[in-house]
Amino acid sequence: MSDESLLRQISTPRDLRGLSVDQLGDLAAEVRRAICDQVSQSGGHLAPNLGVVELTLALHRVFDFSRDRLLFDVGHQCYAHKLITGRLPLLSRLRQRDGMAGFPEPHESSYDLFSVGHAGTGISTAVGMARGDTLNDEGDRRVVALVGDSSIVNGVAMEGMNNAGTLNRQFLVILNDNGMSIGKPQGALAGYFDKIRISHAYTGLKGRAHEVLKHLPAGHWIEQIYHRLGEMTKAALDHSHFFEHFGLLCIGPVDGHDLDGLITMLEEIKDIDRPVLLHVKTVKGKGFDFCSDDPTTFHSPKPFKVSGCRVELSSGGRSFTTAYADALTDLMNRDEKVTAVTAGMPDGTGLSEVIPRFPERAFDVGIAEEHAVDMSAGMAKTGLKPFVTIYSTFMQRGIDQVFQEVALQGLPVRFCMDRAGLVGGDGAVHHGFMDIAAFRSMPGMALMAAIDEPTLRAALELMRMRNDGPSAVRYPRDNVPDAVQGERTPEFQLGKANLLAGGNDLAVLAYGFPANHALAARSELAREGISVAVYDARFAKPVDVELIRALTEARVPILTLEDHQTIGGFGSCVLEACNDERLPTESVYRLGLPDRWIYQGSRTEQEAEAGIDADGVVRQVRRILAERGSSAGRRLAASQTASAAPAATVRPLRVTRR
Ligand SMILES: Cc1ncc(C[n+]2csc(CCOP(=O)(O)OP(=O)(O)O)c2C)c(N)n1
């Protein structure tokens, strides 16, 4: 950024007021360049942010969001907003520890109202703030919700829209219609938006708006408002818009890259004392051809390099997601009853590889997690074997459906939860930290986790065969590590753990991916003369009671390990099983995610912060053995006194991390 940089001169949105429209255009170009440069280095949401630069500048130019309210839906499109609300200095550490969060974050700025990242919530929270401000005698604070064309289709957003029309005050929903979700948008409303984009040319509306208004009863509020509007806004009124039937005055579609037009339009409608929907057309990835030509790849890319007209995305290793897609493809080839469902995440879950191969049996239902679960329940009822493929964090949306339509019916719906555990740059809003707690209380549920590719395949095979109730498997946002047992990996047997490496001083019962950390810790501890057994617990429900009994009777302390909240997680399952079986619990120790939020950073940093990495396991084992005064603990204490050298750092995991 040069000294001439306009962006550097913007420390608050008030600074936009002194700029001409041309200068705002220059600023938009600069914002785009800054975002693209940074995302190319750190990864992050690119195409969604490039598409809303003008819209963001126009909103901040017209409204005063130090007092007015701006609610983002999803929030992945907030980068331009952050740059002009004082966070330019944080940009160079986008999505990194102590840097700029990739989603709205009230800890960073009072301009961000909610920490969000899940779709569909912006309208409802905006309705709530509008009601709150009115009741608090602060009804002069304007409220704006910004929502995408694929998120507005989400159930929560529809519930919000259904209620928004009852507001008797200013309320503006901006529908950012770029004709895309992460991939192709799904469903009837996507088709509708597509049609009005084509047929309702903004300039051709003027006559129709007059026509419609002529037929309204005198005194109708739309008519009253109409007389206050300028010609441009009148021309853009759309009285056949789908959301008109929700009680909102609908305007648009208008060009979301025309700064002048947007500013004029927003100025005119900002004080309408009724709910308004402004339908804005934008180009996802605007400004860089490689991005607008392929907005799916560049929705949230890893770091990339642009050289001339070539763009090179950094390649990762083989991910659990790819391993899952391959395993599911094998299952679908072998068993024609197997179906696959994703809710708006075909790329993130690997189903983009599966859907074209099995177009009759694999479905993307859009951002509609509840529907995805219920549709799968319906399929299971007819004898199909649905695999709901979903991020752990988004599974939270469908918990009531898992309870009533799946578990209560005893239906064999299979849940495959990607991004279980800590997720890195997306931060607190996307960690898969509570799926065990939510699922384990459902009668009939079988819960399992994969530590590597062979165990993922084995778990999926057990799920395919299990027809007498629901089941779930979790796996992380990571690359598959070197297989622990390779072809010798035993099949999954319901409720049976698997010994990975023997030892006498303590047993680590690891659930899922952290088993790899436990193995690394074991090698380090062996150098100190401590002998640790590592078990792949495999099942959180049912847990391996026989193993727990054998260990407690042999007085071997147990350390449970998981990348899930300790409260309600796998360790709790083990403790409860001990209590149920009248086994002693004082020798059971739990290591998992702490009861506080872990913000953005790399997965490695987050695991270290939580203390669940190999170093964390080593520390915990030493502490337990020292506390218990065991012979291993005494040996350890003696060796530590003898050598003042700092403890070696544990050999890191052998995976190429994404
Ligand atoms: C409940 C939920 N499900 C899935 C996602 C993953 N997700 C993030 S952005 C996105 C697409 C949103 O599309 P749209 O609202 O049209 O915004 P755009 O990215 O096109 O600007 C999806 C599916 C999410 N954030 N929340």
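# A tour of the sheets, the ligand site and the ring pairs

Start with the open sheet of five strands, ordered E1-E2-E3-E5-E4 and paired in parallel. Colour strand E1 (69–72) and strand E4 (249–255), which stand at the edges. Each has a single partner strand, so one side of each is left without a neighbour in the sheet. Look along the sheet to see the twist, which averages 20° from one strand to the next. Keep in mind throughout that this is a predicted model.

Stay at the E1 edge and add strand E2, residues 143–148. E1 and E2 run parallel and are joined by four bridges. To find one register point, select Leu70 and then Val144, its bridge partner in E2.

**The ligand**

Next, select the ligand and show what lies around it. Which residues are closest to the ligand? Of the 22 residues that surround it, the closest are His76, Ala119, Ser151, Lys284 and Glu369.

Show side chains here and go through three polar contacts:

- His76: an N or O atom of its side chain is 2.7 Å from an oxygen atom of the ligand.
- Lys284: an N or O atom of its side chain is 2.8 Å from an oxygen atom of the ligand.
- Asn178: a polar atom of its side chain lies 3.0 Å from an oxygen atom of the ligand.

**The second sheet**

Now select the open sheet of seven strands, in the order E9-E8-E10-E11-E13-E12-E17. Its pairing is mixed. Where are its edges? They are strand E9 (362–364) and strand E17 (539–541). Each of these pairs with a single strand, so one side of each has no neighbour in the sheet. Neighbouring strands of this sheet are turned against each other by 20° on average, direction ignored.

At the E9 edge, add strand E8, residues 338–342. E8 and E9 pair in the parallel sense, over three bridges. Pick Ala340 and then Ala362, its bridge partner in E9.

**Aromatic rings**

Switch to the rings of the aromatic side chains; the structure holds 18 aromatic pairs. Begin with Tyr192 and Phe193, a tilted pair at 5.8 Å centre to centre with 55° between the planes. Is Phe193 buried or exposed? Phe193 is buried, because its relative accessible area is 1%, under the 20% cut-off.

Then move to Tyr391 and Phe394, a stacked pair with centres 5.5 Å apart and planes at 10°. Tyr391 counts as buried at 9% relative accessibility, and Phe394 is buried with a relative accessible area of 11%.

Go back to Tyr192 and Phe193 and add Phe242, Phe243 and Phe246: ring pairs link these residues into a cluster.

Another ring to select is that of Tyr226. What sits over the ring of Tyr226? The charged end of Lys234 does, 4.8 Å from the ring centre.

**Last stop: Asp536**

Finish by selecting strand E16, residues 532–536, in which Asp536 lies. Asp536 is buried, with a relative accessible area of 0%. Add Pro48, which is 488 residues from Asp536 along the chain. Draw a distance between their C-alpha atoms: the separation is 40 Å.

Methods:
Residues are numbered from 1 along each chain as its sequence is written. This is a predicted model: local features need pLDDT of at least 70, side-chain atom pairs count only at pLDDT 80 or more; totals for chains, interfaces and linings use all residues. Side-chain values use heavy atoms; hydrogens and water are left out. Rings of Phe, Tyr and Trp (its six-membered ring) pair if their centres lie within 6.5 Å; planes under 30 degrees apart count as stacked, over 60 as edge-to-face and the rest as tilted. Buried means under 20% relative accessible area, exposed over 50%, partly exposed in between (1.4 Å probe, protein chains only). A charge sits over a ring if NZ of Lys or CZ of Arg is within 6 Å of the ring centre and within 35 degrees of the ring normal. Two strands pair if DSSP finds at least two bridges between them. Helices (H or I, at least four residues) and strands (E, at least two) are DSSP runs, numbered from the N terminus. Axes are lines fitted to C-alpha atoms, for helices over the stretch in contact, and angles run from 0 to 180 degrees between N-to-C directions. A residue is near a molecule or strand if one of its heavy atoms lies within 4 Å of it. A polar contact is a pair of N or O atoms within 3.5 Å; within protein, one must be able to donate a hydrogen and the other to accept it, and residues adjacent in sequence count only if both atoms are side-chain atoms.
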